[in-house]
Amino acid sequence: MTSPLDWIREAAATRAEAGLTRRLATTKSGDGLDLAGNDYLGLRTHPAVVAGAVAAAETYGTGAGASRLVTGTLDVHDELEAALVALTGARSALVLSSGYAANLAVLTTLADAGTLVVSDEHAHASLIDGCRLSRAAVSVSRHNDLEHVAELLSRRDLPRAVVVAESIYSVLGDAAPVEDLIALSAEVGAILVIDEAHALGVVGPRGGGLVAAAGASGAEHVVVTGTLSKSFAAQGGTVLASPVVREHLVNTARPFIYDTGLAPASAGAALAAIQVLREHPELTARVHANAARLAEACGVAAPAGAVMSVPMPGPFEAVEAVETARTHGIRIGCFRPPSTPDGSSRLRLTAHADHTEDEIERACAVLDLVTGRGDHGSAPADLVH
């Protein structure tokens, strides 16, 4: 007798044979130098950020208690949105429970059956899912190919258009041609949705992102999404846009309307992290310096932000490299299909502002080993934790 779960078991076996099985690994304190997480500014355990989370929890309790349209909008949400506006120069901000929810909210409310969406082939899964849920016609453009974006838009026979990109891409770590996308979308009357999850706090004036660097934070046709879980060391998402778009989201975005408001502790932590960044703008320079050194050790170009990608021969080799680095006290990540749009397997490294020069040099020695650039024997004894 067959089981209704047999197809799941068969899928698991296929994944294992291809080296694509994923497993949860519990991270413990002191597990090694972190080059895999997204705490780019090193603020997740910063005393001021922790204090901000604690103060918000003590003031408002452990949760928002309701949707923001009921009783779940708190003073700390208003303060956080004002801080995000001040940081980026956007005209208004709206915070949600995750960056994933922010992308779903934007795309399902700004695109519909009368819309052509042109989305970069390396767009994040949350952007792809938002496009699917919007019921729009979707054309996928070649990565960072402005001429292809323009060509796809020129074929439009629908009344509206939305262009979708990340400002810094989460797999390759390269930057989009943001200024050109802003100009092109304005020229053809399209909305431009830019996900700045990996740019906020890391690039642009005061860490305000690449849209701010382009001087387009106040442009009516530009909508920025972001996360509070990376540079801002908390959890949650944000939409930075014109007040017209914000009002539209409040009234029509299901991921906002039907979701409990962002937890007070996360809002308080993010608010404190933005203040720390304001007081210590040198944090962004440290991220870039550390990223450049790590990239050099891996033989790849310095990334646009904190994320870099190292090609590997295949999924088994990528997983082996991660495990070897772990045994030497360095935590790195890897992306395998289907997480990589080009079907390749890659190591994914992230630079953090709080890593010391000694830590970076120790990490570089291990990376030199696992990427095949150095001696394939044992790592020096002082590298082993």
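**Figure 1. Arginine 246 and its partner in the predicted model.** Arginine 246 is partly exposed, with a relative accessible area of 24%, in this predicted model. Its partner glutamate 81 has a relative accessible area of 6% and is therefore buried. The two side chains, of arginine 246 and glutamate 81, form a salt bridge with an N to O distance of 2.9 Å. Helix H9 (residues 243-252) holds arginine 246 and helix H3 (residues 75-88) holds glutamate 81, so the salt bridge ties together parts that lie 165 residues apart in sequence.

**Figure 2. A salt bridge within helix H5 joins arginine 132 and aspartate 129.** The closest N and O atoms of this pair, arginine 132 and aspartate 129, are 3.6 Å apart. Both residues belong to helix H5 (residues 125-134); because they are three residues apart, about one helical turn separates them. Arginine 132 is exposed, at 62% relative accessible area, whereas aspartate 129 is partly exposed, at 24%.

**Figure 3. A network of Arg68, Glu81 and Arg246.** Salt bridges with shared partners join these three residues, Arg68, Glu81 and Arg246, into one network.

**Figure 4. Arginine 331 pairs with aspartate 34 in a salt bridge.** The closest N and O atoms of arginine 331 and aspartate 34 are 3.5 Å apart. Distant parts of the chain are linked here: arginine 331 is in strand E10 (residues 330-331) and aspartate 34 in strand E1 (residues 33-34), 297 residues apart. Both arginine 331 and aspartate 34 are buried. With nitrogen and carboxyl oxygen required to be within 4 Å, the count of salt bridges comes to twelve.

Terms used
Residues numbered from 1 in each chain as written. Predicted model: local features only at pLDDT ≥ 70, side-chain atom pairs only at ≥ 80, totals over all residues. Heavy atoms only, no water. Helix = DSSP H or I, 4+ residues; strand = E, 2+ residues; numbered from the N terminus. Buried < 20%, exposed > 50% of the residue type's maximum accessible area, 1.4 Å probe, protein only.
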